[in-house]
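Here are some friendly notes to read alongside the model. Keep the viewer open and look up each residue as it comes along.

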Amino acid sequence: MMGCWVLNESLPIMVVLSWLGVNLYLFMVTFRWYEEEESFLYTRVILGSTLAWAKASALCLNFNCMLILLPISRNFISFVRGTSTCCRGPWGRQLDKNLKFHKLVAYGIAVSAAIHIVAHLFNLERYHLSQSEEASGLPAALSKLGNSPNESYLNPIRTAGTNTVIELLTTIAGITGLVLSLALILLMTSSTEFIRQVSYELFWYTHHVFIIFFISLALHGAGRIVRGQTPESLLLHNVTFCRNHYDKWHAVAQCPMPQFSGKEPSAWKWVLGPVVLYACERIIRFWRFQQEVVITKVISHPSGVLELRMKKRDFTMAPGQYIFIQCPAISPLEWHPFTLTSAPHEDFFSVHIRAAGDWTGALCEAFGAQGQDLKDPCSLPRLAVDGPFGAALTDVFHYPASVCIAAGIGVTPFAALLKSLWHRCCDSQSQLKPSKVYFYWICRDARAFEWFADLLLSLETQMSEQGKTHFLSYRIFLTGWDEDQALHIALHWDENTDVITGLKQKTFYGRPNWDDEFKQIAYNHPSSSIGVFFCGPSALSKTLQRMCRLYSSADPRGVHFYYNKESF
């Protein structure tokens, strides 16, 4: 189960604006250059402004293809976070929005590619029209160049009867352009939310078409179909004068026949660095794949939740981080992310996995979590672990009081966080000790409480033994139940422990009244800075942001709620 901090779902506005600004700058500068550059004057005579549209969008395409691999180089991101001072704390957590930036860049590639394709379709048609019998004037004269010895052509369509489709499919630019288009369509369509939910495996395997995409991109410009006047020809052939005397070329000394050539391909220069970086990323993943992971314990929790406890040499983690797991016996290529549910002080690291798809279902079955007897660790399939990744949730330790709110599956990352908070509370040497933690969990299905209730029960017992019951105040809200459950709850309401969770704290039914909750917290901590951390759907995230603004005092000496814009 992969938790997801949605305290700030979108990318920072400055990142989006910067990315848009660079794209617009590159587009406008390139567009203007091809509209004014003297060496492409004759090319513009045939193609018009679509030449600039095609070239400007091509540069934006190259720029975004340079960026697209960087956000998914997770080891590189971890390296940047660990070595750069500016990438720690709140700024470092922006790196965890890497997939959102990856998607943003992908949209940029799609838009640039669409403009580029449409512009070149117009270019191809204009090349063909200028070679037709109806063509006249300078476009016709330019299209006939290359038919005599010692002449170089400008128009790649050599005869009026040329089939443009066949011509397109017999050139390097045409073939690679078609492959690029098909690969991009596959990549974009298989990345939709619907496909990833229905078949993550389809998304995973189809996404590796990116290898074909980058190879085709590097080769695309090798055909040099769009040509311009050579620098040597520009020195001898004055285009300003000669364009109006095309019928006297050869006859006039200052108007020798113009010579043309295609520009050297440049796409490979843009993507070479990121491709090499990503190749190193895959080598690191392969090296980590070879490292031994020892499975120390397998626990089957109610509701089909599998807990795996593991050890790995030199493995260090922080609350809120996640790992990628691969099981070669199930799939030799697929890596799936899971939130770490263990705390840093524990001598193992753990994840909780629920069968929610083909891969997770196969994993739970392989480990005997679906009605079978749990297998001996020695007979279990091998696992590979990459990570941990993500920013540590260290901000929660900086507030004298913290409010942690989880909705549904969003409770997963709080397992490690609550353990870590309690450990620091009991550690006399720890300087980061919140005096109070409020924990809220809103869930629709009562069965989902079962695996997490063990952790809360353990914390409840330890707090009672050490006389620190004030440290953690938690409230669990059940938003969905049937008539049988309601009757069972009513019959056992007077018991000392909750009928659903087994905890001393009774479960609440319905949704929290956030106005009352924030009002009470503000009353309890009249002059404090309170951190609010949330994992769940965006609608509730917006509500909590509004509550933080509403109940923060205008007086600097009063209570202030800080809605930390974490991303995980």
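The points below go from the whole chain to single residues.

1. First, a word on the source: this is a predicted model. The protein chain holds 21 helices and 14 strands. Of its 568 residues, 48% are buried.

2. How do the contacts spread along the sequence? Taking contacts in the protein chain with a separation of 6 or more, 74% are between residues 24 or more positions apart. As for the surface, the chain exposes about 27,800 Å², and 60% of that is supplied by carbon and sulfur atoms.

3. Now to the interior. In soluble globular proteins, nonpolar side chains tend to be buried together. Here the largest nonpolar core has 54 residues. Y42, C65, I109, L142, F213, F214 and W249 are the ones with the most contacts inside this core. Helix α3 (residues 50–68) gives the largest share of the core, ten residues.

4. F213 is a good place to begin looking at that core. Leaving aside residues up to four places away in sequence, F213 touches C65, I109, L180, A183, L184 and L187. Another core, of 27 residues, lies apart from the largest one, and L418, F452, M463 and F471 are among its members.

5. Next comes a sheet. Which strands form it, and in what order? Three strands make up this open sheet, in the order β3-β4-β7, with antiparallel pairing. β3 (293–301) and β7 (349–354) are the edge strands, each pairing on one side only. From one strand to the next, the twist averages 20°.

6. Within that sheet, β4 (residues 305–312) pairs with β7 over six bridges, in the antiparallel sense. To find the pairing on screen, start from V305, whose bridge partner in β7 is R354. Helix α16 (residues 358–366) packs on the sheet and touches both β4 and β7. The direction of α16 makes about 115° with that of β7.

7. Please take a look at S233, which sits in helix α13 (residues 231–236). Is this serine buried or exposed? S233 counts as buried because its relative accessible area is 6%, and the cut-off for buried is under 20%. What does its side chain meet there? One polar contact, at 3.0 Å, is with the side chain of Q229. A polar atom of the S233 side chain also lies 3.0 Å from the backbone nitrogen of Q259. Not counting residues up to four places away in sequence, S233 touches M257, P258 and Q259.

8. Some backbone details deserve a check too. Most residues other than glycine have a negative phi, and most peptide bonds are trans. In this model, G387 and P388 are joined by a cis peptide bond, with omega about 10°. P388 lies in strand β8 (residues 384–389).

9. Two residues other than glycine with a positive phi are also worth opening in the viewer: R224, with phi near 50°, and D314, with phi near 60°. Where are they? R224 is in the loop between α12 (210–220) and β1 (227–229), while D314 is found in the loop between β4 and β5 (322–326). R224 is partly exposed, with a relative accessible area of 34%. D314 has a relative accessible area of 70%, so D314 is classed as exposed, for which the cut-off is over 50%.

Methods: Residues are numbered from 1 along each chain as its sequence is written. This is a predicted model: local features need pLDDT of at least 70, side-chain atom pairs count only at pLDDT 80 or more; totals for chains, interfaces and linings use all residues. Side-chain values use heavy atoms; hydrogens and water are left out. Helices (H or I, at least four residues) and strands (E, at least two) are DSSP runs, numbered from the N terminus. Buried means under 20% relative accessible area, exposed over 50%, partly exposed in between (1.4 Å probe, protein chains only). Contact means heavy atoms within 4.5 Å. Accessible areas come from the Shrake-Rupley method with a 1.4 Å probe; for residues, only the protein chains shown count as cover. Two strands pair if DSSP finds at least two bridges between them. Axes are lines fitted to C-alpha atoms, for helices over the stretch in contact, and angles run from 0 to 180 degrees between N-to-C directions. A polar contact is a pair of N or O atoms within 3.5 Å; within protein, one must be able to donate a hydrogen and the other to accept it, and residues adjacent in sequence count only if both atoms are side-chain atoms. A nonpolar core is a set of buried Ala, Val, Leu, Ile, Met, Phe, Trp, Tyr and Cys residues joined through side-chain atoms within 4.5 Å.
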